[in-house]
Amino acid sequence: MKIKESIGREIIALIVTVMAVMFFLSLLMIKRIEYTYQNYVYDTKTDLLNSSIHSVESELEKIENTTYRILTDSDVQREISLWLEAEERLQELGDKPGTSKERLENQKQKADSMRQLIQKVDPVITADQSLVTGFFISPDGYRYNGYGGGALQIPLSLQEEIEKRAKEQDGDLVYLVCWQKNGVLQMGYPGQREENAQTRLVLARTMREKKSLTLAHGGTLILVLDPARLSNGYTTASHKMLIEDPEQGVIFTTLLQAEEQDFLAWEHNPENIKDSRY
C-alpha cells in the first residue's frame with residue numbers, strides 16, 4: 001500500500017513538474033513572440049517613417065531644384081539683364097530735361113521683364129499642390145505677385161527679413177517657418193503662434209545675373225509652402241505627422257492636442273523607443 005502511495009506521489013510530482021515546465025516554456029514562447037512582434041512593428045513603422053521622410057525630402061528637393069532651374073533659365077536671365085540695364089539707364093538719366101520719353105521706355109521695360117519672369121513662376125505654383133503662392137522681389141525691393149499672391153499679405157518687415165536671409169545664403173535656398181492668419185503671413189517665433197494660425201514654410205533664393213559674369217543681384221524668388229498639403233499623401237487616421245524644429249518646437253502636426261502632448265512626453269523618454277504606440 002505504501003509502495004502504491006509512493007508511486008502515486010511520484011507520478012503526481014512528475015505531472016506537476018511537467019506542467020510547471022510547460023507553463024514556463026509557454027511564458028517564454030509568449031514573451032518571445034511578443035518581443036518578435038514588437039520588433040516587427042517597430043521595424044515596420046521605422047520603414048514607414050523612413051519612407052515618408054524620404055518622400056517629403058524628395059518633394060522639397062524637387063521644389064529646390066525647380067527654383068534653381070527658374071533662376072538659371074536663359075529666358076529669365078535675359079529678362080533680368082534687361083531689367084538691370086533699364087534700371088542703370090534710369091539712374092543715368094535722373095531728372096535730366098528732355099529724357100521723359102526714354103525714362104518711360106525704361107520703366108516699361110522693367111515692368112515687362114518682371115511680368116515675363118512671373119509667367120515663368122506661375123506654372124511651378126499651379127503644378128505643385130503643396131505650394132500656396134509665390135513672389136518675386138525685384139532688385140529695387142518691389143514685390144511682384146505670382147499665382148495666388150494677391151490673397152496673401154506679407155508685411156514689409158517680413159519681406160525684408162526674407163530677402164536678408166536669402167542674400168546671406170548667396171544663392172542657396174533658405175527655409176523660414178512662418179504662420180498665416182486672416183490672409184497675413186508673419187514670422188514664426190517660439191510660443192507666439194496664434195490660435196487657428198496655419199503653418200507656412202517660406203522658401204527663398206536670390207538670383208545672380210550670369211551675363212558677362214557680373215553676378216549682379218537680380219532679385220529674390222519666394223515660394224510659400226503649406227506643410228498640411230505636403231503631408232496629405234503620407235498621413236492617415238492612424239499614421240500622423242509631426243514636424244519639430246530644434247529652436248521653435250512643434251511647427252506642424254496632424255496630431256490632436258492631447259496626442260501631441262502625449263507624444264512629446266514619450267519622445268523625450270529613451271526607454272520608450274520601441275513603444276508600440278508610435
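In what order do the elements of the protein chain run from the N terminus on?

## Overall fold

This is a predicted model. The elements of the protein chain, read from the N terminus, follow the order α-α-α-β-β-α-β-β-β-β-α-β-β-α. The chain contains six helices and eight strands. Of its 278 residues, 35% are buried.

## Helix α3

Helix α3 covers residues 100–127, a run of 28 residues. From its first C-alpha to its last the helix reaches 42 Å, which is close to the 40 Å expected at 1.5 Å a residue.

The buried residues of α3 include the nonpolar side chains Met114, Leu117, Ile118, Val121, Val124 and Ile125. Asn106, Lys110, Asp112 and Ser113 are also on the list of buried residues in α3. In general, an α-helix has 3.6 residues a turn, so residues three or four places apart point the same way.

## A nonpolar surface patch

Val21, Met22, Leu25 and Leu28 make a nonpolar patch of about 380 Å² on the surface. One of these residues, Leu25, belongs to helix α1, which spans residues 2–72.

Why can Leu25 count towards a surface patch? Patch residues need over 30% relative accessible area, and Leu25 qualifies on this point because its relative accessible area is 44%. With that value Leu25 is classed as partly exposed.

## Aromatic rings

How many aromatic pairs does the structure hold? The count is zero. A contact between a charge and a ring is present, however: the charged end of Arg143 sits over the ring of Phe135. The distance from the charged end of Arg143 to the centre of the Phe135 ring is 5.5 Å.

Notes: Residues are numbered from 1 along each chain as its sequence is written. This is a predicted model: local features need pLDDT of at least 70, side-chain atom pairs count only at pLDDT 80 or more; totals for chains, interfaces and linings use all residues. Side-chain values use heavy atoms; hydrogens and water are left out. Helices (H or I, at least four residues) and strands (E, at least two) are DSSP runs, numbered from the N terminus. The expected span of a helix is 1.5 Å times one less than its number of residues. Buried means under 20% relative accessible area, exposed over 50%, partly exposed in between (1.4 Å probe, protein chains only). Patches are made of residues with over 30% relative accessible area and no salt bridge: like charges are joined within 9 Å, nonpolar side chains (Val, Leu, Ile, Met, Phe, Trp, Tyr) within 5 Å. Accessible areas come from the Shrake-Rupley method with a 1.4 Å probe; for residues, only the protein chains shown count as cover. A salt bridge is a side-chain nitrogen of Lys or Arg within 4 Å of a carboxyl oxygen of Asp or Glu. Rings of Phe, Tyr and Trp (its six-membered ring) pair if their centres lie within 6.5 Å; planes under 30 degrees apart count as stacked, over 60 as edge-to-face and the rest as tilted. A charge sits over a ring if NZ of Lys or CZ of Arg is within 6 Å of the ring centre and within 35 degrees of the ring normal.
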